[in-house]
Amino acid sequence: MKQPKLCIVGSSNMDLVTYAQRLPQLGETVSGTRFQPGFGGKGANQAVMGAKLGAQVTMITKIGDDSFGRDMLQNYKSLNLDTSYVLVTDEASTGVAPIWVEETSGNNAIIVAAGANDLLTPKDIEAAHSAITSAQVLICQWEIPLETTLAALRIARKQNVTTIFNPAPIRSQLPDEAYKLSDIFAPNETETEVLTGLPVGTIEEATVAGQALLARGAGKVILTLGERGSLLVEPTKTTHIPTSVVQAVDTTGAGDSFMGSLSYFFAAGVALPLAIERANHIASISVQSHGTQSSFPTRENLPAHLFE
């Protein structure tokens, strides 16, 4: 399998994770069982997942000139990411994401303070033009300003670089251009319901919602459906790709594990349905361990047949 070349434009956050038997109600204080800081941010997570599988990854992001930012930059370097476009600002802190994890279910609640992520601009993206155009796949999310994401997608589209847009975390409605610039548009259940106003409780309902997103201009749609797996919606057919049912202990970052893995396999030349199946598998492994990037498996810890 050839080494894929990925470019990720997105966020870098420091995750501040607290575990408890249950999540608190509004106004309630509960006792936590432990605290674990870690590296996160949707863009960073997807980039790290790709790198752990063996991709050549360039990260375009902005961090603060603070201890979190310095630690994050060192983490990228330790994983052999190209950090030429990891930009540092003294105008805002590095983004942070306090996360609460319910140990009994693995479910979580997150509040993100974007910080430096909100200062990543279209001008910064233009300066990184060569990093985008030399990649096989560009991956974007919605944890940075939308206009910055659109600037990256426009550059990639002009140079026939495959574009994947993961509209997370959901903020509002998207302009038509965001769909039209997406070769693969990849929302989860909640994001799909917000964007379409349609339910996704069954595979049939999810298919209708996916077709609604296609109608807005997306090339293909991949709906991630949690324990139900993923749904690939194309103009001429729809394919449900199930996943293994596992005992989740922490679902934080599972979607990013999926996106980074999907991008890796697709850029490596694997057919999209099989790439989704393999990404489902890796995401199911990630939810069985605590943490975000720390729960992502490396290539050495995965079955060899996944890379054939």
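Reader: Which residue is the bridge partner of valine 233 in β13?

Author: Strands of a sheet pair through backbone hydrogen bonds, either parallel or antiparallel. Here valine 233 has threonine 238 of β13 as its bridge partner, and the two strands concerned, β12 and β13, run antiparallel and are joined by four bridges. With four residues between them, β12 and β13 form a hairpin. Strands (E, at least two residues) and helices (H or I, at least four) are DSSP runs numbered from the N terminus, and two strands count as paired if DSSP finds at least two bridges between them. This is a predicted model, in which local features need pLDDT of at least 70, side-chain atom pairs count only at pLDDT 80 or more, and totals for chains, interfaces and linings use all residues. Residues are numbered from 1 along each chain as its sequence is written, and side-chain values use heavy atoms, with hydrogens and water left out.

Reader: What is the order of the strands in the open sheet of nine strands, and why is one side of β5 and of β13 left without a neighbour?

Author: Read across the sheet, the order is β5-β4-β1-β8-β9-β10-β11-β12-β13, and the pairing is mixed. β5 (82-89) and β13 (238-241) are the edge strands, each having a single partner strand, so one side of each has no neighbour in the sheet. Within this order, β1 (residues 5-9) pairs with β4 (residues 56-64) in the parallel sense over five bridges, and isoleucine 8 stands opposite methionine 59 of β4.

Reader: Which strands stand at the edges of the open sheet of four?

Author: That sheet has the order β3-β2-β6-β7, again with mixed pairing. Its edges are β3 (32-40) and β7 (108-110), each of which pairs on one side only, and neighbouring strands are turned by 20° against each other on average, direction ignored. β2 (residues 13-20) and β6 (residues 95-102) run parallel and are joined by eight bridges, with threonine 18 having tryptophan 100 of β6 as its bridge partner.

Reader: How should one read the packing of helices, and at what angle do the axes of α9 and α10 cross?

Author: Two packed helices are described by the angle between their axes and the distance between the axes. The axes of α9 and α10 come within 8 Å and cross at roughly 145°, where axes are lines fitted to C-alpha atoms (for helices over the stretch in contact) and angles run from 0 to 180 degrees between N-to-C directions. Among the residues that meet are Phe258, Leu262 and Phe265 in α9 and Leu272, Ile276 and Ile282 in α10, contact being heavy atoms within 4.5 Å. By class, the residues of this contact are 11 nonpolar, four polar and one charged; Ala, Val, Leu, Ile, Met, Phe, Trp, Tyr, Cys and Pro count as nonpolar, Asp, Glu, Lys and Arg as charged, and the others, Gly among them, as polar.

Reader: Which strands does α9 lie across?

Author: α9 lies across β1, β8 (137-140), β9 (162-165), β10 (184-185), β11 (220-224) and β12 (230-233), and runs at about 165° to β8. On the four-stranded sheet, α2 (residues 67-78) lies across β2, β3 and β6, at about 100° to β2.

Reader: Where do the cis peptide bond and the positive phi of asparagine 80 occur?

Author: The cis bond joins alanine 168 and proline 169, with omega about -5°, and proline 169 lies in the loop between β9 and α6 (176-180). Asparagine 80, although not a glycine, has a positive phi of about 70°, and belongs to the loop between α2 and β5.
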